[in-house]
Amino acid sequence: MNRLTLALLVALVSLSGCGRERREAASLPAPSPPPSASKGTVVTAEIQAGIEKHVEAEVTRGGGYFSLPFEGKTLRLKLVRVHTEYLASLGPRRQFACVDLADVGGDVFDVDFFLDGGAGDMTVSETTVHKRNGQPFYAWEQKEDESWQRVAITEATDAHLGVRKGTDEFEFVYRATLPELTAPARLWAPLPATDAYQTVKTLSIRAPGTQRTLKDRAHGNDVLFLELEPADSGKTLEMRFAVTRKEKSAYAADPPRGREFLEPERLVPESENFAKIAGEVLAGKRGDLVRARALYDHVIDRMRYMKFGEGWGKGDAVRACSAASGNCTDFHSYFIALARAAGIPARFAIGASIPSERNDGGIDGYHCWAEFRAEGKWWPVDISEADKYTALSTYYFGHHPANRLELSRGRDLVVEPGPSSGPINFLAYPVLEVAGAEKKAKIEFTFVRTGPGTAGSPRT
């Protein structure tokens, strides 16, 4: 039994909640449960080649589009990306893959594929739409025999929807593999800190080059700083942390200092348009808690969760407002811009969401969230998750679950020495500069749960 492979599989199909009630969920067939994974001869690069070959062949057959029947019509799709971090070998001749495909109508679909065969001769035996614009149509659950079966959304628990309550404990591994360095380089990476809701113990830091810790003057974050040489090309930064995290609800706030958390940031500017939108949304509403909820609901109604197109993922509030789509950084930047325009202090944090339904494996990149100040308290919100899981929209207005890790907080981080481009927009993935030009490292987050956590109860 290959536990890691199973973990990779379920990470891909992260247990889901329903879309908003006004959106009709797809009626999906009930396939056989995925078989328990076992050690096979096919590696992930070969699975990637197999699924890309299939998509390419279908695009050629479809006159430039991947055609897929769905909800009584045929989608015409273009490839966005293969989820390489979750490719899984379920056995010597059984593989699993997931692909993001964009429809001509603008929606992005997450499609699950099962493939049969070995390296070089794989054929797709099952194709199912799992998500539309980040909103899942079904969930997966591990059975006692360690095989997996689909779960109807109506039977989903809070854990299926990504929430562990109470306390969670886990070891978190942060890896960044360097690209080719053609000249001296510098790297900045987050060092998560202990606070009232998370206790972080650094187990190890293995890093190339020379290292030291910097302090972010704007928000107090600790930042790992590496000075690198071309000889460090291909080397890996690996940091391991033991984390105990508590579920967060509204908590007492220090008295505000002037316009603290009302001031603009580079990508969350003051704007007449934000003031106009906030004014329209909040007309006739009294009290900052009521007003903040109205803005929260407005962002859910207006925005689509979609990692597609130009400019998403930067937390550019102006772009988010005009495109009405993006990921968690875009959702929360737009909310923060509106809240500040309405005189409600709001702030940003970024880290990782730890899968709730399994105990080890990969993590699908960073996640971010926000807090606003009202009635003498800071109120946690997670609007992109509330958009995905309507059943939890009330929970995410005032709560963050225990299964997450904050890597840094705030925008426009200022360190010395800092990047040539100026203050750091936000810090989850490392910032890497080679001869002053920004480059990307290959990022991998993994975890192992070391405490039981608290699973949710079935929803009614």
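## Strands, a helix and a pocket

T167 lies in strand β10, which covers residues 167–177. The model is predicted. T167 has a relative accessibility of 35%, so T167 counts as partly exposed. In sequence, T167 and E247 are 80 residues apart. In space, their C-alpha atoms are 6.1 Å apart.

### Strand pairs

What is the partner of β10 over eleven bridges? The partner is strand β15, residues 236–246, and the pairing is antiparallel. Within this pair, F172 stands opposite F241 of β15.

β15 also pairs with strand β12, residues 198–206. This pairing is antiparallel too, over eight bridges. Here I205 stands opposite M239 of β15. In a regular strand, side chains alternate between the two faces of the sheet.

### An open sheet

Five strands form an open sheet in the order β13-β14-β11-β26-β27. Their pairing is antiparallel. Which strands stand at the edges? They are β13 (210–215) and β27 (437–439). Each has a single partner strand, so one side of each is left without a neighbour in the sheet. From one strand to the next, the twist averages 25°.

Look at the β27 end of the order. Three bridges join β27 to strand β26, residues 431–434, and the two run antiparallel. One pairing here links L432 with its bridge partner K439 in β27.

### Helix α6

Helix α6 holds 14 residues, 328–341. At 1.5 Å a residue, the helix should span 20 Å. Its end C-alpha atoms are 20 Å apart, which agrees. Is α6 enclosed or open to the outside? Of its 14 residues, 13 are buried, so α6 is largely enclosed by the rest of the structure. Just after α6 comes G343, with a positive phi of about 80°.

### Loops with unusual angles

Two residues other than glycine also take a positive phi. The table sets them side by side.

| Residue | Phi | Loop | Relative accessible area |
|---|---|---|---|
| A324 | about 55° | between α5 (317–323) and β19 (325–326) | 17% |
| D412 | near 55° | between β25 and β26 | 14% |

Buried means under 20% relative accessible area. A324, at 17%, is therefore buried. D412, at 14%, is buried as well.

The loop between β25 and β26 also holds P417. The peptide bond from E416 to P417 is cis, with omega near 0°.

### The second largest pocket

How much space lies in the second largest pocket? The volume is about 880 Å³. The lining has 43 residues. Closest to the pocket's centre are H219, F261, R347, E371 and R409.

Which elements give two or more residues to this lining? They are β17 (251–252), β20 (346–353), β22 (367–374) and β25 (404–409). β25 gives the most, with four residues.

The lining is mixed in character. It divides into 19 nonpolar, seven polar and 17 charged residues.

Notes
Residues are numbered from 1 along each chain as its sequence is written. This is a predicted model: local features need pLDDT of at least 70, side-chain atom pairs count only at pLDDT 80 or more; totals for chains, interfaces and linings use all residues. Side-chain values use heavy atoms; hydrogens and water are left out. On a 1 Å grid over the protein atoms alone, a cavity is a set of points where a 1.4 Å probe fits but cannot get out, and a pocket is an open set with protein on both sides within 12 Å along at least five of seven lines; lining residues have an atom within 4 Å of a point. Grid points are joined across faces, edges and corners, and a volume is the space filled by probe spheres set on the points. Ala, Val, Leu, Ile, Met, Phe, Trp, Tyr, Cys and Pro count as nonpolar, Asp, Glu, Lys and Arg as charged, and the others, Gly among them, as polar. Two strands pair if DSSP finds at least two bridges between them. Axes are lines fitted to C-alpha atoms, for helices over the stretch in contact, and angles run from 0 to 180 degrees between N-to-C directions. The expected span of a helix is 1.5 Å times one less than its number of residues. Buried means under 20% relative accessible area, exposed over 50%, partly exposed in between (1.4 Å probe, protein chains only).
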